Amino acid sequence: MCAALARSSSTVNTIGILLLGLAASAGAARAQDAPAWTRGATCYEVFVRSFQDSDGDGIGDLNGLTARLDYINDGNPRSTRSLGARCLWLMPVAESPSYHGYDVTDYYRVAHDYGTNEDFERLVAAAHKRGIKVLVDLVLNHTSNRHPHFLAALRDSTSSYRAWYRWSPTKLDRGTWGSELWHKSPERDEYYYGLFSSSMPDLNYENPAVRDEANRVGRFWLDSMHVDGFRLDAVSFLVEHGAQIMHTRETHQVLHDFQQSMRAARPDVYTVGEVTFPNATLLSYYADQLTSYFAFEVADSLIAAVRSGSARGLLAPALQLERDAPTGRWSPFLRNHDQPRTLTELGGDMARARVAALLLLTMPGMPFVYYGEEIGMSGGKPDERIRTPMQWSSGHEAGFTPGTAWEQMQGDSLTRTVSAEERDPSSLLALYRRLIHLRARCAALAAGALVPLQASDDAVAAYLRRTDDGAVLIVANLSAKPLAGVSIESAAGALGAGRWRARDLLARTSPATLEIDGEGRVRQYIALPTLAPMQGHLFALARTTRTAGAGSAPTRAPHIPRDACSD
Ligand code: CA
């Protein structure tokens, strides 16, 4: 808060920031609130190995990423040549024998392929200078089977590290999981537990020494490497309880204690957990555990709606989380590094990818965008093919490396590139940039409530993001044909009574004025005579007249300078 005050120059700004600060400190009593910087922010997920190679070995590295930071955010909020992401999630950067890094051999050292700890510190400093927060992937469920602690435990039956892992003299049942859980020791006649594979032995979190070590690792990255938080891998599986291998009471306790420990070091630390389960299960991870969780069911609903061309069921998962989870503590996304890319899921249809982006970036919470999604990179399983090198230009290896890329580029790597899309104002990249910047500067998109609306055609998605001062109406035709005369309705209390002027934030259309009755209902509103195929609109709504005696609260909220949706 002090830093924010120091930056403000005008009285108006100071008052606005003071009010924001008061809101933040009032919220500070609730220990798990998302930190203030997440408001309006978008987070960009990067696989370092595939982003930019700086030294010609064909492997992306930290210095390469640092050199590309201006692409992610150049520090100028007005810039149109920057994505405008205010947060960066790096997939694992710690030492690991695998290409993906999800099996760590040294939690305190950056992978030699990626550079040095000093390179990492320079990256973080350069990111912070541009207003980008940095999250690193923390893999706490298991280590690599080549981690020195596991090797000591394997070889020496008296090693204290024996108690860091789980052993059995016999091969135990695989239960309902389907794959092998217990793996034969290469050293003696016994088995060790590894949920994901034999190369990833699970840590034994019933051992207090393991819990202490997890806290030490977290503190190291916060205190010595200056990160702002963590993406926590596979958190559902941390502690087993008898035959129960996920969602145990003990797992919730470990997450709670880890978060407490990190908050003691950094009160505004941000943590986001990977819980790959539907909302009903996800909801048990709130209350007093991590800051946020990825909303996999929301991701699937967005993709399914755009793929099927039907908005039925689009909003249900998001509305459930808005109702049952604390504000700002679930994170929408489309696809991540474990899933086929959005464009591939959508049959290679760029028009559909555009609508998917529009839906994602108008959801509540801090959205996550996997690198390359913003230019429409393609890729399906196996995993290496959904993690291919970033396509920068039509040059050698698409500008990713002066050498030979560690993984073969996609077939469209020379045509679907950042440089080509930067020249095209109608490109997917241009749309991502526009939406991410809008989100940062528009209070309704940053923090507004999600209000569902009912369109007269199932192919049309319609909802509001609404604050006390104004709202943005999102209307998107998910079908491949133009739709005429689509009208929109709402339940009572959707908007304050009166006349609302609508302004298209993305295109030059002239939407009709909206009349809201005394019950606050949207009735038979036809924004545009025709909705073009696969076309989405963001209409900023501003009330021009108020209906007398309608009982709506007077607006007294502070003026938010330069709000892109309220001028
Ligand atoms: Ca390299």
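In this predicted model, Pro382 is found in the loop between strand 13 and helix 14. The peptide bond that leads into this proline, from Lys381 to Pro382, is cis, with omega near 5°. For a newcomer to backbone geometry, a little background helps here: most peptide bonds are trans, and most residues other than glycine have a negative phi.

The loop that holds Pro382 has further points of interest. Ala398 is also found in the loop between strand 13 and helix 14, and its phi is near 55°, a positive value in a residue other than glycine. With a relative accessibility of 0%, Ala398 counts as buried. Pro389 lies in the loop between strand 13 (368-370) and helix 14 as well. This proline is buried too, its relative accessible area being 0%. Pro389 can also be placed relative to Gly115: the two are 274 residues apart in sequence, and their C-alpha atoms are 18 Å apart in space.

Another alanine with a positive phi turns up elsewhere in the chain. Ala287, which is not a glycine, has a phi of about 60°. Its place is the loop between helix 9 (279-282) and strand 11 (292-294). Is Ala287 buried or exposed? At 57% relative accessibility, Ala287 counts as exposed, because the cut-off for that label is over 50%.

Attention now turns to the cross-links of the chain. The count of disulfides comes to two, and they follow the pattern 1-2, 3-4 when bonded cysteines are counted along the chain. One of them is formed by Cys43 and Cys87, whose sulfur atoms are 2.1 Å apart. The torsion about the S-S bond of Cys43 and Cys87 is about -50°, so this disulfide is left-handed. Cys43 lies in strand 1 (residues 43-46) and Cys87 in strand 2 (residues 87-90), so the pair ties together parts that are 44 residues apart in sequence. Cys43 counts as buried at 0% relative accessibility, and Cys87 counts as buried at 0% as well.

A disulfide also joins Cys442 to Cys565, with an S to S distance of 2.0 Å. Here the torsion about the S-S bond is about -115°, so the disulfide of Cys442 and Cys565 is left-handed. Cys442 lies in the loop between helix 15 and helix 16 (443-447), while Cys565 lies in the segment after strand 23 (536-546), so the pair ties together parts that are 123 residues apart in sequence. Both Cys442 and Cys565 are buried.

The model also holds a calcium ion, and the residues around it are easy to follow along the sequence. Which residues coordinate the calcium ion? Asp53, Asp55, Asp57 and Asp61 each do so through OD, and Ile59 does so through O, at 2.3 to 2.4 Å. The donor residues are spaced D-x1-D-x1-D-x1-I-x1-D in sequence. Accessibility values place two of these donors in separate classes: Asp57 counts as partly exposed at 39%, whereas Asp61 counts as buried at 3%.

Next come the enclosed spaces. The model has seven cavities of 30 Å³ or more, and about 60 Å³ of space lies in the largest cavity. Residues that line the largest cavity include Pro92, Val93, Tyr107, Asp137 and Trp221. Two or more lining residues come from each of strand 5 (133-138) and helix 7 (208-223). Strand 5 gives the most, with three residues. By class, the lining of the largest cavity has ten nonpolar residues, no polar residues and one charged residue.

The second largest pocket offers an open counterpart to look at. About 580 Å³ of space lies in this pocket. Its lining consists of 27 residues, of which Pro425, Ala430, Leu431, Arg434 and Leu506 lie nearest its centre. Helix 13 (350-360), helix 14 (418-422) and helix 15 (428-441) each supply at least two residues of the lining. Which element supplies the largest share of the lining of the second largest pocket? That share, six residues, comes from helix 15. The lining divides into eleven nonpolar, seven polar and nine charged residues. Domain 1 (3-25 + 38-141 + 203-441) and domain 3 (449-556) both give residues to the lining, so the second largest pocket lies between these domains.

Key: Residues numbered from 1 in each chain as written. Predicted model: local features only at pLDDT ≥ 70, side-chain atom pairs only at ≥ 80, totals over all residues. Heavy atoms only, no water. 1 Å grid on protein atoms, 1.4 Å probe; cavity = no way out; pocket = protein on both sides within 12 Å on 5 of 7 lines; lining within 4 Å. Points joined across faces, edges and corners; volume = space filled by probe spheres on them. Helix = DSSP H or I, 4+ residues; strand = E, 2+ residues; numbered from the N terminus. Nonpolar A, V, L, I, M, F, W, Y, C, P; charged D, E, K, R; others polar. Domains from an automatic or database assignment. Disulfide = S-S within 2.5 Å. Buried < 20%, exposed > 50% of the residue type's maximum accessible area, 1.4 Å probe, protein only. Donors = N, O, S within 2.8 Å, 3.2 Å for Na, K, Ca; no water.
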